[in-house]
Amino acid sequence: MTYHETSDSILTVENLSVDYDGKKIIQNINFDEKDITRPNKIQGQSIAFVGRSGRGKSTLFRCLSGLEKPKTGKVLLPDMHKHQGEAYPPMKEVGEGDVGFVDQKYTLFRHKTVYQALQFAMRKQKLEKSEKHDKIMVHLRDWGLETVKDQYPNELSGGQRQRTAILEQVLSHTNYIIMDEPFSGLDVGNINNVKSAFKLINESHELNTVIFCTHDIELAVALAESLYVLGYPTLENGRLEPIGTLIKKYDLKSMGLAWHDQLTNRHYDVVEQVKQSILES
Ligand SMILES: Nc1ncnc2c1ncn2[C@@H]1O[C@H](COP(=O)(O)OP(=O)(O)O)[C@@H](O)[C@H]1O
Ligand SMILES: [Mg+2]
């Protein structure tokens with residue numbers, strides 16, 4: 001076994017449901033993700049959600065980020081603020097600002113340079129100005145953005161914009177980052193940039209957790225340690241009930257499929273199973 005898992009939850013969702021205008025969109029969403037630890041490694045978590053369009057991925061993500069209050073149920077995270085420094089603080093309900101959200105378009109402030117955007121992202125952190133500067137500079141170097149630090153969004157390449165948008169969240173929020181379809185519409189090079197960003201996030205803090213959805217099932221299997229299929233369940237009469245819920249979980253780390261540099265035949269088998277599960281739900 002190349003990893004071991006502690007018993008401490010980093011994200012728990014209980015009986016979550018959302019209605020719009022009295023119409024149920026998602027319901028009965030329950031899952032619990034644990035902190036992953038690996039010997040001699042800082043290891044954050046990557047959790048993927050896949051499913052057909054309209055099944056409720058973005059709706060679930062808005063609840064996970066605290067942007068939307070669910071009709072029923074709870075999203076629980078460790079209470080880092082009140083219990084700073086403790087390894088595993090007690091759980092509390094998610095609040096606005098606990099979780100960063102990177103939208104699909106990688107929206108940036110038009111009138112701020114990369115450096116200014118990151119400075120703004122850190123405005124609530126209780127650090128001296130010089131400490132903030134040092135932190136920003138280290139990240140700019142690590143993320144290959146040092147040479148464009150004084151440029152505005154319209155002077156950046158697509159890849160540089162993405163990294164800036166992700167870095168804003170890395171620097172402004174706690175350990176959780178939600179990315180809604182971060183790979184859609186990107187070319188191969190930019191997909192690689194975002195993949196590297198995932199890796200950097202996961203390797204920079206034990207509790208860092210990336211939650212994402214994608215229609216690229218190979219990428220989801222390659223990047224995630226846990227993968228959930230969100231879809232419509234099959235009723236007894238064989239029809240689909242048009243309310244999104246979790247249909248299947250693949251615990252890729254327990255299956256020995258996490259953290260491979262290259263996908264193996266076993267990964268491709270899982271990719272096929274996941275695709276089938278998506279098609280049936
Ligand atoms: N603000 C809203 N008001 C009404 N219906 C909505 C709203 N947002 C999403 N929906 C509906 O909820 C369902 C799930 O949408 P969404 O969460 O965006 O799915 P996904 O991200 O999986 O494509 C869709 O049927 C969509 O039309
Ligand atoms: Mg969506």
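This is a short dialogue on reading domains, salt bridges, contacts and empty spaces in a predicted model.

Q: Into which domains is the protein chain divided?

A: A domain assignment splits a chain into parts, and one part may be made of separate stretches of sequence. Here domain 1 takes in residues 4-98 together with 175-279, while domain 2 covers 105-173.

Q: How many residues of domain 1 are in contact with domain 2?

A: Two numbers help here, a distance between centres and a count of contacts. Taken over C-alpha atoms, the centres of domain 1 and domain 2 are separated by 25 Å. Contact between them involves 12 residues of domain 1 and 11 residues of domain 2.

Q: How many salt bridges does the structure hold?

A: A salt bridge pairs a side-chain nitrogen of Lys or Arg with a carboxyl oxygen of Asp or Glu, and the cut-off is 4 Å. The structure has 10 of them. One is formed by K249 and E33, whose closest N and O atoms lie 3.4 Å apart.

Q: Which parts does the pair of K249 and E33 tie together?

A: For this, look up the element that holds each partner. K249 belongs to strand 10 (residues 245-251) and E33 to strand 2 (residues 23-37), so the salt bridge ties together parts that are 216 residues apart in sequence.

Q: Are K249 and E33 buried or exposed, or in between?

A: Relative accessible area decides this: under 20% is buried, over 50% is exposed, and the rest is partly exposed. K249 has 38% relative accessibility, so K249 is partly exposed. E33 has a relative accessible area of 4% and is therefore buried.

Q: What are the N to O distances in the salt bridges of R141 with E146 and of K253 with D251?

A: Each distance is taken between side-chain atoms of the two partners. For R141 and E146 the distance is 3.3 Å. For K253 and D251 the closest N and O atoms are 2.8 Å apart.

Q: How are the residues of these two pairs classed by accessibility?

A: Apply the cut-offs to each residue in turn. R141, at 46% relative accessibility, is partly exposed, and E146, at 36%, is partly exposed too. In the other pair, K253 is buried with a relative accessible area of 5%, whereas D251 is partly exposed at 23%.

Q: Where is T59, and which residues does T59 touch?

A: Start with the element, then list contacts with residues that are not close neighbours in sequence. T59 sits in helix 1 (residues 57-64). Leaving out residues up to four places away in sequence, T59 touches V18, Y20, I25, I26 and E68. With a relative accessibility of 7%, T59 is buried.

Q: What does the same kind of reading give for V170?

A: V170 is a residue of helix 4. At 18% relative accessibility, V170 falls under the 20% cut-off and so counts as buried. With residues up to four places away in sequence left out, V170 touches H139, W143, I177 and I201. The C-alpha atoms of V170 and I201 are 7.4 Å apart, although 31 residues separate the two along the chain.

Q: How is empty space found in a protein, and how many cavities does this structure hold?

A: Rolling a probe the size of a water molecule over the atoms shows where empty space is left. In this structure there are 2 cavities of 30 Å³ or more. The second largest cavity has a space of about 40 Å³.

Q: Which residues line the second largest cavity?

A: Its lining is made up of L108, F109, K112, T113, V114, A117, Q151, P153, L156, T164 and E168. Helix 2 (114-121) and helix 4 (158-172) are the elements that give two or more residues to this lining. By class, the lining residues are 6 nonpolar, 3 polar and 2 charged.

Q: What is the volume of the second largest pocket, and what lines it?

A: A pocket is read in a similar way: volume, then lining, then classes. The second largest pocket has a volume of about 570 Å³. There are 22 residues in its lining, and K199, A222, L223, W259 and H260 lie nearest its centre. Helix 5 (188-204) and helix 6 (217-223) each supply at least two lining residues, and helix 5 gives the largest share, 7 residues. The lining of this pocket has 9 nonpolar, 6 polar and 7 charged residues.

Terms used
Residues numbered from 1 in each chain as written. Chains lettered and ligands numbered in written order. Predicted model: local features only at pLDDT ≥ 70, side-chain atom pairs only at ≥ 80, totals over all residues. Heavy atoms only, no water. 1 Å grid on protein atoms, 1.4 Å probe; cavity = no way out; pocket = protein on both sides within 12 Å on 5 of 7 lines; lining within 4 Å. Points joined across faces, edges and corners; volume = space filled by probe spheres on them. Helix = DSSP H or I, 4+ residues; strand = E, 2+ residues; numbered from the N terminus. Nonpolar A, V, L, I, M, F, W, Y, C, P; charged D, E, K, R; others polar. Buried < 20%, exposed > 50% of the residue type's maximum accessible area, 1.4 Å probe, protein only. Contact = heavy atoms within 4.5 Å. Domains from an automatic or database assignment.
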